[in-house]
Each structure stands twice: as C-alpha cells, then as structure tokens.
Amino acid sequence: MKRSTLNRREMLAGVAGVAALGGGVLEVRNSETTREHAGSRIEMVVPAAAGGGFDSVARQAQHALGENGLVRTVEVVNLPGGGGTVGLSHMSRQHGRSDVLMIMGTSILGGIRITGSPTTLADITPLAKLAEDYVVVAVRADSPVRSFDQLADRWRSDPRRITVAGGAVGTADHLTAALALQRLGADPADLNYIVYSGDGEVLTALLSHTADVAVSSLNGFAAQIEVGEVRALAVSSAHRLPGVDVPTIRESGLDLDLANWRGLAAAPGLTDGQRRTLEDLVRDLVETPEWGHSLRRFGWKDTFSTGAEFADFLAEEDRRLAGIIKGLGLS
Amino acid sequence: MDSLSLLLSGFADALTPANLMWCLAGVVLGTAVGVLPGLGSSMAVALLLPLTFLLEPTAAFIMFAGIYYGGQFGGATTSILLNTPGQSSSIVTAFEGHAMARSGRASQALAAAVVGSFVGGIVATTVVAFFAQRMVAFALGFGPAEYFALAMLAFVSTAAVVTASPLRGIVALGIGIAISVVGIDDQSGAVRMTLGVSHLLDGIGIVVVTVGLLAVGEVLYQGFRPDGGAPVQAIATGTPWLSRGDLRRSWLPWMRGTALGLPFGVIPAGGAEIPTFLSYGVEKALARRRGNSEFGRGAIEGVAGPEAANNATTATAMIPLLGLGLPTSATAAVMLAAFQQYGMQPGPLLFENEGDLVWALLASMFLGTVLLLLINLPFAPLWARLLRLPRRHLYAGLLVFATVGVYSTKGSIFDVGLLYAVGALGLFMRRYDVPVAPVLIGVILGPLAEGELRRAMAAGQGDLTVLVDSGIAVGIYAILAVVAAAFAVKRIRERAERSPSRKAEVGSG
C-alpha cells in the first residue's frame with residue numbers, strides 16, 4: 001500500500017508547504033484586520049476602469065495620502081461599468097464602513113439619471129468636491145476636419161455619419177457630445193456615440209480609425225496633442241484655459257460649457273463623528289504638496305468644497321444635469 | 001546597433017547588488033501573493049505598489065518586474081497543484097497541469113511552466129526592446145470588428161474543437177456566456193439577469209466562477225465518489241526535473257506558445273487569456289494528429305505552451321503601455337500609475353523624454369525573468385511534495401483556501417455562497433461529462449465579444465458588413481474556417497473508422 005509508505009519526513013514537507021501557502025494568506029489578511037481604525041487603511045472605490053480620469057484622481061489621492069502618512073494603506077478598487085452605477089451600487093452596500101471612499105463626479109450624476117439606476121446619491125454620503133477638468137473634442141491628425149466649425153457643418157448635415165468615441169453614458173464626454181449636437185440644431189438622438197471605459201480606450205478608438213471624433217478629458221490626450229498625432233478642436237470650458245492653445249466650444253457660437261468635476265463620497269449610514277473624520281481627512285489631503293503637484297500636472301482646477309457649500313452645489317448640479325439629460329431625451 | 005547599446009546601458013544601471021536584492025525580494029513576495037486564488041500578478045503588483053515608492057525609480061521598477069513575474073508563477077503553481085488558478089491567464093495551465101500533478105508529475109509540470117514563462121518572457125522582452133516603436137502601428141490596426149473576430153476564433157477553436165463532444169462544448173460555452181451577462185451592462189447601464197438580487201449588480205466574478213468550477217467542483221466530485229478517501233497516487237520517483245523526453249516534448253510548445261502570445265500583448269484589450277486558450281487548442285490538436293495524445297491525462301505540452309503564451313503576452317503588453325500610454329491589462333494600469341508617480345507620462349514622447357528609465361525598466365524585465373527561473377526551478381520539487389498529503393487533508397485545506405481567497409477579494413459572504421453554488425454546478429458537469437473549460441472561456445471572452453460586436457455595429461450604423469471590412473478580420477475568419485473544416489473532416493473520418501466504440505475522452509479537470 002502506498003499510503004503506508006508516506007513517511008514522517010514527507011509529511012513534514014507537505015505540512016511545511018501548506019504552512020507556506022497559509023503564510024501567504026495571512027500576509028494579505030493582516031492588512032485587513034485593522035479595518036476598524038480609519039486612518040490606517042482606506043479602500044478607494046473607482047467606479048470606472050483603470051487609466052481614466054476617475055482612476056487618476058484616486059491614484060493621485062492614494063499617493064498624497066500615503067506620502068504624508070495620513071493613511072497607511074490606500075487600496076484602489078476599480079469597479080467599472082453602467083455609467084458608474086456598478087461602483088455606486090457596491091458603495092451603497094458598505095453600510096457604516098468608515099474606511100471606504102468612492103470617487104464621484106459629473107459622470108455619476110449623469111449615469112444615475114440615464115440608466116434609471118435604483119441606487120442614487122441618497123444611498124451614499126457625498127463628502128467633497130476636489131477638482132474640475134474639461135472635455136476636449138478632438139480628431140486624428142490626418143482628418144480633413146481642421147476646426148470645430150468645420151466639424152459642426154458636417155455633423156449638422158449628417159449626424160449619423162460621424163462616429164464619436166467617448167466615456168460611458170452620462171459622463172461629461174457623452175453629455176458634451178449630445179449637447180453640442182443639440183445646440184447645432186440636430187436631433188441628439190442621432191448621435192452615433194460609442195462607449196469606452198477610460199481615456200486610453202477612447203484614444204485607441206480614435207487612432208485606430210474606429211471613431212472619427214473623440215470626446216474625452218483634455219489631460220488624457222495631452223501627449224498625443226503635443227506630438228501632433230491628435231488635433232484638438234475645442235474644449236468645454238467657459239473661457240480659454242491658461243496655457244492651453246485650444247479654443248472653447250463657446251467661441252464657435254454654441255451655448256455650451258461643461259465642467260467635469262471630481263469629488264469623494266463615503267459609505268451610507270455613517271455617524272456624524274465618522275463623517276467629520278473623513279471630511280477632515282479630505283481637507284488634509286487637498287492641503288498636501290503632493291496633491292497640489294498633481295493638480296498642476298493633470299491640469300485640474302482646484303475647486304475644493306465640502307459641507308453645506310458642497311451639498312448646495314450638488315443639488316444645483318443634479319438639477320442642471322437632469323434638465324440637460326431630459327432635454328436631450330436621454331433619460 | 002543603437003537600441004542594443006541603449007539596452008546595455010540600461011543593464012549597467014540595473015545590475016547592482018542592491019537592485020538584485022530588490023528583484024529577489026519582489027519575486028518572493030510576488031510568488032507569495034500569487035498563490036492565493038483570486039490574487040494574481042496584477043493584484044500582487046497593486047498590493048505591493050506602495051512598497052516600491054520608497055525606492056528610487058530604477059530599483060522600484062526592478063522590484064516591480066520581480067513581483068510581477070513572481071505573481072505569474074504563483075498563479076501557475078496553484079493551478080497545477082490545487083487546480084485553483086490564481087488568475088484568469090493561468091486557468092488553462094490547470095487543465096493539464098493538475099492532471100499531471102495527480103499522476104505524480106507535479107514537479108515536471110511546474111518546471112515546464114517556469115521554463116515556459118522564461119522562454120516567453122525573454123523572447124517577448126527582446127521584441128519589446130527592439131521593435132516597440134514599430135509594433136505600435138500594428139496595435140492600431142485592431143478595431144471592434146477585429147476583436148470580435150478574435151473572440152469568435154477563440155470560442156470555436158476551444159469550445160467546439162478542443163472538447164470531445166462539440167455539442168457539450170457549445171452547451172458549456174453557453175452557460176459561460178450566460179453567467180457573464182449577469183449584472184449592469186457596461187454600455188447601456190441596463191440591469192440584466194440579476195433576478196432582483198442586488199449583490200448580482202456587479203456581476204459574477206471570474207474568480208468565483210473559476211475557483212468554484214475547478215477547485216470546489218473537483219473536491220465535491222471526489223468527495224461523492226465511492227473511493228473518495230483513496231490515497232494519493234504513486235508519486236513518481238526518479239528525476240524531479242524535466243527528463244530528456246519531457247524537454248523534447250516541451251520545446252516546440254514553448255516556441256509555439258511564445259509566437260502565439262507575442263502579438264496579443266500588443267493589441268489593446270487583447271489580454272493574456274485568448275493566446276493561452278489558443279495555445280492549448282493548438283497543442284491538443286497537434287497531439288491528436290500525432291496519435292499519442294495524453295491530453296486529459298496530463299500532457300506536458302498543455303502546460304508548456306499556454307504558460308509561454310501567457311508570459312509572452314504580458315511582456316509585450318509593455319508596447320502599448322510605453323508607446324501609447326495605453327494600459328492593456330490591470331497590471332499595466334497599475335504600472336501606468338507607477339510611471340505617473342515618478343512624473344513620467346507614457347506615450348509617444350516617453351522614449352525621447354525618459355529614455356534612461358525606460359531602458360533600465362526593459363533591462364530589469366530581463367533580470368526579473370532570469371531570476372524567476374533561477375529561484376523557482378529548485379522549488380518545483382519542493383512545492384510538488386504538497387501533494388503527498390493524504391487526499392482528504394489536502395482537499396479540506398483546499399476548500400479553506402478557496403473560501404478565504406474568494407472572501408478576501410471583495411469581503412462578501414454572498415460571493416462565498418455563490419462559490420459553492422458554482423461548485424455544485426461543477427460537480428454535476430463532471431458527473432455528466434460536460435467539459436468545464438468552455439464555461440470559463442465564455443465567462444472571460446463573452447463580455448469582450450458582446451461589447452465589441454455592439455461597438456462594431458454602432459460604428460457601422462447597423463451594417464453587418466463592417467465585421468468583414470478589414471483584411472485582419474477576414475484573415476482571422478479564414479483561419480477559423482480552416483480550423484473548423486479540418487476538424488470536421490477529421491471527425492467524419494474517425495467516425496467512419498470506429499463507429500461503434502467511440503472512445504469517450506475525459507474532459508478537462
């Protein structure tokens with residue numbers, strides 16, 4: 001019988017092997033046992049794919065929090081899909097957990113409205129607004145379209161012929177494209193819009209000739225614009241951005257400006273104390289030199305607000321976006 | 001040659017004793033995290049990323065490469081020993097690797113995997129170093145129609161052709177695709193097939209399905225068998241290392257796997273799964289043609305090929321990352337974040353602006369690959385000893401291990417329940433001879449196929465001809481047609497030869 005020949009030494013070797021595997025488990029679990037103490041570990045939920053605008057905010061915050069010892073470990077969790085509602089519904093189930101933060105912004109508000117998501121901002125705890133950036137309308141360098149006005153002419157006459165790539169439904173990308181088409185006098189329902197998760201994928205769609213026009217965050221396209229592979233036609237800001245030699249959509253006579261703001265939300269069901277602790281953490285975050293550095297590098301406008309000021313902004317923004325989405329026939 | 005001298009100066013930067021230490025530490029840590037189910041190399045990199053920030057860039061990248069390759073190997077180790085893949089790209093390794101382990105050839109399977117990773121990694125890193133700039137153009141030839149064609153090729157060649165019964169293969173593929181559509185739809189945000197259960201809004205995780213079907217399903221199946229408590233089969237004595245016969249059988253699959261994997265890393269959204277499935281399919285078909293197939297009972301070709309393909313893909317994934325700033329995998333996305341942390345912006349300007357760092361990174365990828373081989377090869381027989389535990393103890397440990405692994409990915413008890421439900425499904429599939437592999441292929445590639453088809457349709461405004469509008473897509477469909485035709489001819493001939501006694505081939509697992 002083979003079983004009886006299993007000798008002691010071999011048993012030990014086997015046990016050692018299992019212990020080694022178990023050690024691996026413990027190593028990872030260790031970082032989780034400290035869950036109760038906010039400050040030692042934070043899980044940052046990104047309701048979008050890695051590599052996009054939300055993801056950049058999370059990873060820059062991760063860096064700034066870690067470098068300054070504000071939080072020992074920040075773990076970024078990407079939950080893309082459904083216009084951000086996949087991440088939102090995950091967040092809404094983290095009741096009472098003071099060690100989870102989620103990146104939120106324009107796209108989430110739009111995503112909730114458009115998808116008719118059963119989970120809304122009422123199911124989480126919005127904390128603060130961190131920064132704003134803007135959407136760029138761009139074409140490939142080899143495109144015959146040289147200016148936003150030229151694009152407008154073609155778009156107006158035959159909207160379905162122009163394939164537009166951008167972020168998920170309800171994002172600032174999507175809303176900018178749909179609004180622009182509506183302001184041009186065409187039916188926004190004719191917008192031929194292809195959804196991608198993240199600026200990187202939008203860029204590939206443009207460069208691989210899948211899409212004619214890309215609508216995405218200005219920062220994600222900066223390198224390609226610089227080397228001349230991509231031509232920026234217009235940005236969605238109300239006024240020209242400092243240091244960016246690209247006209248605004250407004251300059252082409254369209255009543256359209258849209259900021260893509262990013263902020264943070266916490267889990268539902270927090271006590272006032274938990275909430276204040278997290279607000280203080282965010283306040284500390286935006287004051288770190290690392291965060292300031294990130295703002296400059298990514299071209300984000302510092303628009304930090306929290307508390308009542310942020311709540312007012314959020315209510316107003318939600319109303320405005322709901323109006324836009326209804327007007328576009330998207331909801 | 002210009003690139004060569006730049007690479008050599010990269011080695012000069014990278015090859016210091018301290019850096020080698022970091023690489024070593026990275027390999028060990030990466031392997032430790034990689035053996036956990038659900039925590040593959042991308043998770044290992046993400047978890048250990050904060051650690052690397054303490055170092056100066058060159059040392060950090062070297063440690064990074066170590067963690068990454070260590071994580072890859074860790075995933076393969078559990079696939080082979082415990083039938084529990086650490087990540088989706090080592091699922092295929094479990095099919096034949098675990099069968100080898102059960103017949104006492106675990107250390108050979110591990111060695112074939114680690115050498116395969118080495119071959120794939122080295123060849124692919126060389127390609128990255130010398131052809132990165134040129135291959136970026138190739139990446140941009142892929143649009144939605146081409147991705148859809150690729151997914152179809154993977155479906156047909158693995159689900160229908162590789163399994164013994166095409167009908168059962170397609171049924172299993174259907175189950176996989178059905179599982180993959182559960183949750184909130186990416187493109188429209190619509191909620192699908194959640195049966196009103198809010199936990200299912202995020203969908204059913206690949207980890208849950210993989211670990212459930214392969215590990216839990218296998219344990220339940222063994223447990224329900226009359227001889228469930230039977231001792232482990234004889235552990236083969238003799239060389240714990242690849243014999244000359246093993247090498248002769250492995251070297252061509254290593255090469256073929258590498259060749260298959262190379263182009264897939266370059267195309268964005270390709271991922272490492274398709275080439276591993278394809279490599280498995282190719283090796284199985286070739287073995288069948290030679291007439292001495294051991295597939296299903298532990299064929300070393302089925303480990304060597306996919307592991308080489310896996311690592312070749314992950315190394316060439318650096319091309320779109322460095323050249324375009326495009327992360328094509330979760331790991332690449334984490335690396336992108338690391339680049340940005342050091343103030344580098346991957347993209348068309350990277351090689352000009354940050355040349356020194358890039359070449360040091362490439363050099364450290366070479367070092368990581370070599371160190372992985374040196375460190376892990378001696379460990380293969382040691383790991384293999386794990387299987388000498390009495391089977392019931394091993395299975396009990398495996399269940400604990402699978403449960404903890406799934407729980408730790410999201411901290412969800414619901415997922416653990418789901419794990420056992422999927423495990424029960426795996427039990428019945430084994431009982432009724434339905435192959436498990438196509439389910440996994442459906443779960444992983446179903447969303448890719450669906451999403452790209454919808455994008456292609458949107459871009460073409462509903463015109464079906466966009467699917468065959470490019471040379472690449474037509475070429476892929478042509479390969480698909482040849483594969484299907486060759487298979488059909490073979491089956492008809494087989495049936496004619498021995499119609500009554502058709503040998504039932506044991507499915508994977």
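This tour goes through a helix pair in chain B and then a group of strands in chain A. The model is predicted, and every selection below should be read with that in mind.

Begin by selecting chain B as a whole, which has 21 helices and two strands. Of its 509 residues, 60% count as buried, and among the contacts in chain B with a separation of 6 or more, 80% are accounted for by residues 24 or more positions apart.

Next, select residues 106-139 of chain B, which form helix α6, together with residues 355-376 of chain B, which form helix α16; these two helices pack with their axes 10 Å apart and at an angle of about 170°. Since angles over 145 degrees count as roughly antiparallel, α6(B) and α16(B) are therefore roughly antiparallel to each other. To see the contact itself, display side chains on the α6(B) side, including Val114(B), Phe118(B), Gly121(B) and Ile122(B), and on the α16(B) side, including Leu362(B), Met365(B), Phe366(B) and Asn376(B). The residues of this contact divide into 11 nonpolar and five polar, with no charged residue.

Now move to chain A and select residues 259-266, strand β9, where seven of the eight residues are buried, so the strand is largely enclosed by the rest of the structure. Add strand β3, residues 100-105 of chain A, which runs antiparallel to β9(A) and is joined to it by five bridges; here Met102(A) stands opposite Ala265(A). Finally, add strand β4, residues 125-140 of chain A, which is also antiparallel to β9(A) and is joined to it by eight bridges, with Pro126(A) standing opposite Ala265(A).

Definitions and conventions. Residues are numbered from 1 along each chain as its sequence is written. Chains are lettered from A and ligands numbered from 1 in the order in which they are written. This is a predicted model: local features need pLDDT of at least 70, side-chain atom pairs count only at pLDDT 80 or more; totals for chains, interfaces and linings use all residues. Axes are lines fitted to C-alpha atoms, for helices over the stretch in contact, and angles run from 0 to 180 degrees between N-to-C directions. Helices (H or I, at least four residues) and strands (E, at least two) are DSSP runs, numbered from the N terminus. Angles under 35 degrees count as roughly parallel, over 145 as roughly antiparallel, 65 to 115 as roughly perpendicular and the rest as oblique. Two residues are in contact if their C-beta atoms, placed from the backbone, lie within 7 Å. Ala, Val, Leu, Ile, Met, Phe, Trp, Tyr, Cys and Pro count as nonpolar, Asp, Glu, Lys and Arg as charged, and the others, Gly among them, as polar. A residue is buried if 20 or more other C-beta atoms lie within 10 Å of its own, exposed if 12 or fewer, and partly exposed in between; C-beta atoms are placed from the backbone. Two strands pair if DSSP finds at least two bridges between them.
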